[in-house]
Amino acid sequence: MTARNISQFWEWGRKIICVGRNYADHAKELKNAIPTEPILFLKPPSAYVREGSSILVPRYSNNLHHEVELGVVIGKGGTAIPESAAMEHVAGYALCLDMTARDVQDVCKSKGLPWTRAKAFNTSCPVSEFIPKERIPDPGNVTLWLKVNDQLRQNGCTSQMIFSIPYLISYISEFITLEEGDLILTGTPKGVSAVQVHDQLQAGIQDVVTMSFRVDRQ
Ligand SMILES: O=C([O-])CC(=O)C(=O)O
Ligand SMILES: [Mg+2]
């Protein structure tokens, strides 16, 4: 067996744990209450898509939204990690999109059902290259942006997160053991909007990384 390299964490088949409503301005734009505790959901590793492949609109959705998010890649596993030690468990970062079938999510929300079909479908988690920890010395203060066909839609700073990265690692690991290669999506700032087939999405973390994806029909 060849040695696994964390710089290709998306091939490892590990967990993708997502935080919802972690920016007050995004919670407000969707008319949701501001959470007092992290809201979590999961995507399977089959959700990953890499540059060069397209984001596919599920056949059952007519309102696919982009959500640009900072992803935290776990380098050292652990259970019940104290907040003070949380950053020692981080190997690096990735720019991520939490693609969301908003029409499906709205139905799930109205019925009090889980968001799986809205959030966990194939290609619902586009990811950039792996960004080693050293390249983002202060992950709590970086700008995330996203353009659709060259028009800026999202532009937010991770300093606006309600729950910090160390807090999230500690909170999650209390009841889900984190493993090397897991990814945590930390929530999206405001500006989410619908994408259409053949749109071109471009996103970045200030001067650290950019990525682009095309949207196609499934
Ligand atoms: O808006 C949602 O669907 C919740 C979410 O994933 C986020 O806030 O990033
Ligand atoms: Mg999200």
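This report walks through the overall fold of a predicted model and then the site of its ligand.

## Overall shape

Let's begin with the chain as a whole. Its secondary structure adds up to four helices and 16 strands. Measured out along the principal axes, no surprises turn up: the C-alpha trace covers about 40 × 40 × 35 Å.

How does the radius of gyration fit with a compact globule? For 218 residues, the expected value for such a globule is near 17 Å, and the protein chain comes in at 16 Å, so the two agree.

## Where the ligand sits

Now for ligand 1. The space it takes up is the largest cavity in the model. Two elements each give two or more residues to the shell around ligand 1: strand 1, running over 16–20, and helix 2, covering 102–111.

What kinds of residues make up that shell? Sorted by class, the shell has six charged residues, five polar ones and three nonpolar ones.

## Who touches it

There are 14 residues around ligand 1, and the ones that come nearest are Arg 21, His 26, Asp 98, Gln 105 and Lys 119.

A few polar contacts are worth a look in the viewer. His 26 uses its side chain, with an N or O atom 2.6 Å from an oxygen atom of ligand 1. Arg 21 works through its backbone instead: an N or O atom there lies 2.7 Å from a ligand oxygen. Glu 67 also joins in, with a side-chain N or O atom 2.9 Å from an oxygen atom of ligand 1.

And how much of ligand 1 does the protein bury? Taken alone, ligand 1 exposes 270 Å², and the protein buries 99% of that.

Conventions
Residues numbered from 1 in each chain as written. Chains lettered and ligands numbered in written order. Predicted model: local features only at pLDDT ≥ 70, side-chain atom pairs only at ≥ 80, totals over all residues. Heavy atoms only, no water. Near = heavy atom within 4 Å. Polar contact = N/O pair within 3.5 Å; in protein donor to acceptor, adjacent residues only side chain to side chain. Areas by Shrake-Rupley, 256 points an atom, 1.4 Å probe, with all protein chains shown as cover. 1 Å grid on protein atoms, 1.4 Å probe; cavity = no way out; pocket = protein on both sides within 12 Å on 5 of 7 lines; lining within 4 Å. Sits in = over half its atoms within 2 Å of the grid points. Nonpolar A, V, L, I, M, F, W, Y, C, P; charged D, E, K, R; others polar. Rg over C-alpha atoms; globule rule 2.2 N^0.38 Å.
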